[in-house]
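Biologist: I am new to this model and would like to know what stands behind each word used to describe it. Shall we go through the terms one at a time?

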Amino acid sequence: MAVAAGAVGAGYLVVRQPVTARPVPREGAPSLILISVDSLRPDHLGCYGYHRNTSPTIDRIAREGALFETAMSSTSWTLPAHAALFTSLPDRVHGCVDDLQWLDGSRLTLAEALRAVGYKTAGFFSGPYLHPCFGFSQGFDRYHDCTSYSRKSIELIQEKRFLDPLGPGQRMSFDLMKLSHDDITNPTVLREVTSWLAQRPEGPFFLFIHLWDVHYDYVAPPPYDTLFDPDYRGPVDGRNLLGACRKPPHWTAADVAHLEALYDGEIRSTDDTIARILEALEAEGLEDGILLAITADHGEAFYEHGLHGHRLTLHDEEVRIPLILRYPPAIPAGTRVGGQACIIDIAPTLLELAGAPPLPHALGRSLVPVLEGSAGGAPDEPAVCELTVPASGVHLFALRTPSWKVIYDFSRRDFRVFDLARDPAERTPLDENTSPFNLAELHGLYRGTAVKLQEAARRLPTPGERDTPPISKMTEAQLRTLGYLK
Ligand SMILES: [Zn+2]
């Protein structure tokens with residue numbers, strides 16, 4: 001796909017697609033808004049039973065629409081999870097599973113599918129892995145950079161601190177990651193979305209809004225920084241969490257609790273931003289007819305298995321996500337859906353609700369039959385999750401149903417089976433006497449799934465050229481954004 005990035009000022013990236021005749025959406029097609037709140041655990045939201053008032057707006061949206069009680073990501077970090085969200089393909093099929101990879105142009109996305117039927121499309125991203133260099137601008141008429149470090153990154157490029165040495169094998173540098181983790185982006189996203197709505201083109205639109213601030217570091221502005229643990233006086237300030245996943249030995253239970261309180265403050269700050277976005281929709285007379293989806297790319301661990309953060313394990317605290325849909329014309333208020341939904345089900349569901357054709361190679365399923373009550377609950381086929389971290393040698397693969405979960409650990413050459421009904425926190429793996437599977441069955445489960453995924457990947461169009469390191473694409477895109485390249 002030919003994509004050209006034009007320079008219009010720092011923090012604002014315009015991606016222009018080739019100009020072709022655009023079809024007209026069907027009569028009555030709704031506008032869609034898909035909000036991805038980075039690192040948002042469902043069990044820290046009121047509508048999922050949390051004890052703190054972190055999410056009054058998300059709770060209201062859930063009351064007015066449908067809440068999926070269990071939804072699973074495809075992994076525990078941003079890049080592959082968003083590729084799965086956009087393409088309805090598990091990580092092993094879309095193939096974007098490492099910092100050095102990107103979503104190939106041959107993988108069709110939700111934005112492309114909607115654009116093909118005449119939707120106007122705009123994306124707003126606020127964290128580094130959603131940058132167009134990773135292929136996520138596909139299908140968007142405009143793709144807005146809402147990070148605040150675009151200009152700073154140029155200085156780092158010039159100081160040669162932005163990137164590790166150029167060439168194959170390079171990764172996003174610690175300096176860039178540090179900048180992004182300190183960033184506060186909610187106000188910028190709100191401003192850009194509000195501005196887009198005020199000048200929106202005629203007809204139905206699709207907005208993808210990525211909200212980054214819940215992601216660590218937890219540096220919410222006042223009053224959110226002291227909202228949930230105001231009397232704490234210890235050493236935890238929510239900063240410098242990048243790369244520090246193990247608990248410092250001197251930390252007390254109160255310190256860990258404070259870390260969660262700071263995370264909760266970020267959630268409340270983001271919830272208030274969503275409230276402002278809804279107010280902007282209302283001001284434009286748009287709120288009622290919009291199909292609104294709220295989800296996340298992955299969760300966040302708070303030492304449940306000895307570690308903090310994500311991209312560490314495939315335990316539920318890292319791979320469960322919220323999923324809430326509101327669309328009054330088709331979804332009754334107060335709908336709660338049991339069973340298990342997956343991140344790859346979201347695009348097929350939105351396309352069906354919009355009356356648009358499905359993505360041709362999607363492996364997720366539309367949840368509309370579940371919403372209409374023609375199915376008993378969300379599909380119970382095992383969800384597939386995978387995590388590959390070459391730097392630390394981690395390679396995990398998991399299959400999960402509402403009742404059991406198997407985590408295959410390829411680096412340790414073992415697997416663990418959990419009974420989720422008795423042990424939802426995944427604390428004690430079953431032994432060979434209590435496991436519902438013997439060794440041969442476990443190997444068979446993995447092999448059967450792996451073959452199915454391999455066949456699905458084979459059916460996809462051949463990827464385009466993959467010989468350009470993605471980080472150099474990123475550098476080029478940043479330079480274009482800032483006017484250094486024409
Ligand atoms: Zn993320």
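**Terms and values**

Modeller: Let us start from A450, which is found in helix 12 (residues 439-458). This is a predicted model, in which local features need pLDDT of at least 70 and side-chain atom pairs count only at pLDDT 80 or more, while totals for chains, interfaces and linings use all residues. Residues are numbered from 1 along each chain as its sequence is written, and side-chain values use heavy atoms, with hydrogens and water left out.

Biologist: What makes a stretch of chain a helix or a strand here?

Modeller: Both are DSSP runs numbered from the N terminus, a helix being H or I over at least four residues and a strand being E over at least two. Besides helix 12, which holds A450, there is helix 1 (residues 56-64), where A62 has its place, and strand 6 (residues 120-125), where G123 is found.

Biologist: Why is A450 called buried?

Modeller: Buried means under 20% relative accessible area, computed with a 1.4 Å probe on protein chains only. A450 has a relative accessible area of 12%, so it counts as buried. A62, at 7%, is therefore buried, and G123, at 0%, is therefore buried as well.

Biologist: How far from A450 is F397, along the sequence and in space?

Modeller: A450 and F397 are 53 residues apart in sequence and 10.0 Å apart in space, taken from C-alpha to C-alpha. For A62 and A333, the separation is 271 residues in sequence and 8.0 Å between C-alpha atoms, and for G123 and S137 it is 14 residues and 7.4 Å.

Biologist: What makes the zinc site tetrahedral?

Modeller: We first need the donors, which are N, O and S atoms within 2.8 Å of the metal (3.2 Å for Na, K and Ca), with water not among the atoms, so sites may look incomplete. D38 (OD), T78 (OG1), D297 (OD) and H298 (NE2) coordinate the zinc ion at 2.0 to 2.1 Å. Four donors count as tetrahedral if all angles lie between 85 and 135 degrees, and the angles among these four donor atoms are 101 to 124°, so the site is tetrahedral.

Biologist: How do you know that the site links distant parts of the chain?

Modeller: The donors follow the spacing D-x39-T-x218-D-H along the chain. T78 lies in helix 2 (residues 78-87), whereas D297 lies in the loop between strand 9 (291-295) and strand 10 (301-302), 219 residues apart. T78 has a relative accessible area of 3% and is therefore buried, and D297, at 1%, is therefore buried too.

Biologist: How do you know that the length of helix 8 agrees with its number of residues?

Modeller: The expected span is 1.5 Å times one less than the number of residues. The 31 residues of helix 8 (residues 253-283) should span 45 Å, and its end C-alpha atoms are 45 Å apart, so the two agree. Helix 8 is followed by G285, whose phi is positive, near 70°.

Biologist: Why is helix 8 described as largely enclosed?

Modeller: Of its 31 residues, 23 are buried, so helix 8 is largely enclosed by the rest of the structure. Helix 10 (residues 346-353) is mostly covered, with seven of its eight residues buried, among them I346, P348 and L353.

Biologist: What is unusual about the backbone at S88, and where does S88 lie?

Modeller: Most residues other than glycine have a negative phi, and most peptide bonds are trans. S88 has a positive phi of about 60° although it is not a glycine, and it lies in the loop between helix 2 and helix 3 (91-94). At 0% relative accessibility, S88 therefore counts as buried.

Biologist: Which residues are joined by cis peptide bonds?

Modeller: One cis bond joins Y216 and D217, with omega about 5°, and another joins P222 and P223, with omega also about 5°. D217 is found in the loop between strand 8 (205-211) and helix 8, and P223 has its place in the loop between strand 8 and helix 8.

Technical notes. Four donors count as tetrahedral if all angles lie between 85 and 135 degrees; four count as square planar and six as octahedral if opposite donors are over 155 degrees apart and all others between 65 and 115; anything else is irregular. Buried means under 20% relative accessible area, exposed over 50%, partly exposed in between (1.4 Å probe, protein chains only).
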